[in-house]
Every structure is written in C-alpha cells, then in structure tokens.
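I opened this model to look up its sheets, two of its helices, its nonpolar cores and a couple of loop residues. My entries follow the order in which I looked.

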Amino acid sequence: MCDCAIPLSDDPRPAPWFVLPTPANESILAQFNADHLTSDGGLLWLARADAELGLGAALAACIPEWRRGPVRHSLATLVRQRVFQIACGYADQNDADSLRTDPLLKLACGRLPESGADLASQPTLSRLENAVDRRAIERLASALVRLYLRERGRGGAPKQVLLDLDGTDDPAHGHQHGVGYHGYYRQYMYFPLLVFDGDTGQLVTAILRPGRSHGSRFAVLVLRRLLKLLRAAWPGVRVEIRADSGFGIPRLYAWCEANAVGYTIGLIPNPVLKTYAAPLLAEAQAQSRAQGGLKVRLAGEVQHQAGSWPRERRVVFKAEVLAEGPNTRFVVTTRTEDPLSVYDRYVDRGEAENWIKDLKNALQADRLSDRHFWANAFRLLLHAAAFWLLDTLRRWLAAADAEVAHLQLDTLRLRVVKIGGWVREVADRYGPQLCLHLSSHHPGATLWRLLAPSARLHAWSP
C-alpha cells in the first residue's frame, strides 16, 4: 500500500489507516506504524543541558530507593525520563506508556534507540513520585539551590544577588492533600512559592504550599536557608529581596533588617498611605490637565510607622494619572535612591511574571494531580528542573544571538525540540552507529547552528 524507506513497526496488530483528502485532489493514506521516528528531534539538546548541569544525577541522589532487589531503571534514568518528557510538553504520566519506546527519548536517557531496553511505564513513574517524603523534598529543593549557586557563579562570585519572591495560584480539580479554598483567587488550589534571581532570571527554588496559605508563608524560613547558602558560597555578597504586597508583613521586615538583607516590598494601600500621596496626586492631575490629559507619573516618599511596626520605615509612593484614572502605589524599602528610581526598580519585578508564565504555561507546572502533598511537591520540582533545561538552551542561544534571550520557552521548544526525525541504529564491527535524520526544511536548523558552539559542540562533514 505504501513503499516507505523508513522501517515500519513489527507490532503484529496493524495500525488503522486514515484516508485524508489533500488540496492536490488526491487522498493520502496515513498510519501510525513507523517505530524508528521521533516527534522530538531536539531531545538530545535537553540531554546535553542535563549533562552540563548534572541535574538528573543531583536530583536522583536525593530520592530514597524504595525498591528491593534488582531493578530495571536506575533512579537517575527515571528522573531524566520524567523531566525530559515534561520539557518536551508531555506533562501527564500516562504519556510514558507510549513514549517509553521513543528511540530518541531512550537515547537521551542513556539507552540505545533500537536494541536498548524500553524506558519506564506510567506505574513506575507514579511510584517514583510517591516514594518521596518531606526530608527528600528538602534535599531536592536544596539541590536546586546548589545548582543555581554553581551556575550563577560561573562568571565569578557576584557582589550582589537580588531575589524575586512570588506566589502563584495552582488550581486543583480533585481532592489532593493540602488543597484549600483561597479567598483572593476564589478557587480551590495550591499556592506555590517561587524564588527567582531578579538579575539573571534563573529559578532558585520552588516550594509547594497548601492552598489556604498566606502569601508570605514560609518566606522567612526559605530566605533563612537561602541566605546561609548564599553567604557560604560568596562571602560578603549583598542580598536584596523584592516582592509584592502579599509579603508585606512585619516579621519579614524585621528579619531582613536583623540579617542585613535589603528589601523593596509592596504595601496594600490604606487611608493613611493615601493621605500621604494625596498632595502629589493632586499635582500630577494638575500637570496632566495642563498638558491636555497626557499621562503624568510622579514619585515621593515619607517616613511612616504602621501600628504594628516598632519604628519608622521609608515608604516610597507613586502618583500617576492615566486615561483610565488616577493610580497610586506604595512600597516599603531600605534602598536610598531617589523615589522614582526605587519605584522603577520595584516595577522591574514584573519580569518575574514572564518566568512564572514559562513555568506554568510552557511547562504545565500547575498539573499537580497526585493525591499526596509530598508527591505534588516533588512534581513541582520536576517541572522546575524542566524549566532549568529549556532555560539553559535559551541562554546558550542568547550567547550567540541576543534577540533569542526573549523567546518564550514554549516557542523555543517548538523551534528547537519539536522536530520530527528518523533515528537509525546501524551495527558494524566498530559497534552501533547512530544517525538522526531531520527535515531539511525545518526553520529550527538555524537555531541548531547557533546552539552548537555554546554547547561546546562542532559541525562535522564526512
């Protein structure tokens, strides 16, 4: 029916044919029967990033071995398989039942594409996720921080580290442990805490929190542990945090001041704060009227002591007139620059929203559907690991082309990883010879050429 040079499946159960019309007025027959093809021709770039970062091995070392006797899949192989699948866009464990025979996924996990054993099925990956407990999660989170420290310090010890803290809603659609109704988001959810490097965009750590948590829950605990690791790695480093008003609690201010950590944190407007900003807002409105209704943005400051504060702190506020109406915002800070510079630096934390978007949209980190809380905490860290792999590819590309630094991770994956390919394993007297054939028309070829030098690879011509 079809004369094809690509080896077809040996499965005795024939796959059905699909008869599809074409614009050429001829029908075409389609069948899922080509075993040696992959949908993810760029998987080996992810494997290269994993090897450079040592990510899979580091995470596997934190997981307790729950199996007894001989095993088919090492912990490192299981972790790599799961993280690679997530990075390729396959967030569901069930996808493993089909992907475990994918020739390139097998190769990325260290097995030959045809003669190597198949990878793990969904039940094994499910047991992996449920094998962790609280201590394992703490070790895994620490491993992610150590990865950040190593990668951040590649160019030398930084003099200053800016940490962006943010919480994000993770809707739940079942009865997972720790799920709760959050009044602000008006949904049943988890409430993960994410920490990014505000200057580099690197993901520092990800902590799963119950759904009813306050926005600042665990912030001091996490920062205490981070600060110890940061100062051990880089003695004398200046540390600063930046966060929205969900983190505006006296305990966090006091901890930062006691540990010489700078901060710029949003404040929820209240009548007292609005009174401070009223004269500046009136001035901004007058300037806007004088300029025919143009946007005007002014900033001021005040020494303010809330009722729960033991002393005065510097509060910077913005008074802005927009077409939609007046807009005032407030931050409490230890910074000493002029008010507008301080507020502009605070606004820059909005970039963290793009990183969270990558984590949640491109990598589906909100698919926490395990029943047990610690299994979902582990799953969040697996998605964080997948973020690291794709973000590493983005950084390699940015080193060759600065414009690529702004690619969203789902776009990068589509252009670099999601390329159909034919994987060949040919045996000769020197051992297996492996070849991957990709479409000569794919636009991702340009990005592959940019990636090669950054990944310390070279082009070869026979």
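The entries below go from the sheets to the helices, then to the cores and two loop residues.

**Entry 1: the model**

I note at the start that this is a predicted model.

**Entry 2: the eight-stranded sheet**

I traced an open sheet of 8 strands and wrote down its order as β9-β8-β4-β10-β11-β14-β13-β12, with mixed pairing. I found β9 (203–207) and β12 (296–304) at the edges, each pairing on one side only. Between neighbouring strands of this sheet the turn averages 20°, with direction ignored.

I then went through the pairings around β4. Strand β4 covers residues 160–167 and pairs with β8 (residues 193–197) in the antiparallel sense, over 5 bridges. With β10, strand β4 pairs in the parallel sense, also over 5 bridges. I looked up D164 for both pairings: its bridge partner in β8 is F196, and its bridge partner in β10 is R242.

From there I moved on to β11. Strand β10 pairs with β11 (residues 262–267) in the parallel sense over 4 bridges. The residue in β11 that is bridged to R242 is T264. I also checked cover on β10, which spans residues 238–243, and found 5 of its 6 residues buried.

**Entry 3: the three-stranded sheet**

I found another open sheet, made of 3 strands in the order β5-β7-β6 with antiparallel pairing. Strands β5 (170–171) and β6 (180–182) each have a single partner strand, so one side of each has no neighbour in the sheet. I counted 2 bridges in the antiparallel pairing of β5 with β7 (residues 187–190). Across that pairing, D170 stands opposite Y190.

**Entry 4: helix α7**

I asked whether the span of α7 is as expected or not, and compared its 19 residues (134–152) with the rise of 1.5 Å a residue. The expected span is 27 Å and the end C-alpha atoms are 27 Å apart, so the two agree. At its N-terminal end I found D133 as a cap, with a side-chain oxygen 3.3 Å from the backbone nitrogen of R135. I listed the buried residues of α7; among them are I137, L140, L144, L147 and Y148, and the charged E151 and R152 are also in the list.

For its placement, I noted that α7 lies across β4, β8 and β9 and runs at about 170° to β9. Helix α13 also packs on the sheet, where it touches β8 and β9, and its direction makes about 165° with that of β9.

**Entry 5: helix α13**

I took the length of α13 next: 28 residues, reaching 41 Å from first C-alpha to last, close to the 40 Å expected at 1.5 Å a residue. The helix is mostly covered, with 23 of its 28 residues buried.

**Entry 6: the nonpolar cores**

Which residues of the largest nonpolar core touch the most other members? I found L46, L163 and I241, in a core of 126 residues. Helix α13 (residues 373–400) gives the most to this core, with 16 residues. A second, separate core has 5 residues, including V316, V331, V342 and Y343.

I looked further at L163. Beyond four places in sequence, its contacts include V195, F196, V204, L223, V239 and I241.

**Entry 7: Q93**

I placed Q93 in the loop between α3 (75–87) and α4 (96–99). Is Q93 buried or exposed? Its relative accessible area is 8%, under the 20% cut-off, so I entered Q93 as buried. Its side chain makes polar contacts with the side chain of Q122 at 3.3 Å and with that of E129 at 2.8 Å. Among the other residues Q93 touches, beyond four places in sequence, I noted R82, L125, S126, D370 and R379.

**Entry 8: R335**

I placed R335 in the loop between β14 (325–333) and α11 (339–347). With a relative accessible area of 18%, R335 is under the 20% cut-off and therefore counts as buried. A polar contact of 2.6 Å joins its side chain to that of E240. Beyond four places in sequence, the contacts of R335 include Q160, Y263, T264, R314, V342 and R345. Last, I took the C-alpha separation of R335 and L298, which is 18 Å for residues 37 apart along the chain.

Methods:
Residues are numbered from 1 along each chain as its sequence is written. This is a predicted model: local features need pLDDT of at least 70, side-chain atom pairs count only at pLDDT 80 or more; totals for chains, interfaces and linings use all residues. Side-chain values use heavy atoms; hydrogens and water are left out. The expected span of a helix is 1.5 Å times one less than its number of residues. Buried means under 20% relative accessible area, exposed over 50%, partly exposed in between (1.4 Å probe, protein chains only). A polar contact is a pair of N or O atoms within 3.5 Å; within protein, one must be able to donate a hydrogen and the other to accept it, and residues adjacent in sequence count only if both atoms are side-chain atoms. A nonpolar core is a set of buried Ala, Val, Leu, Ile, Met, Phe, Trp, Tyr and Cys residues joined through side-chain atoms within 4.5 Å. Contact means heavy atoms within 4.5 Å. Two strands pair if DSSP finds at least two bridges between them. Axes are lines fitted to C-alpha atoms, for helices over the stretch in contact, and angles run from 0 to 180 degrees between N-to-C directions.
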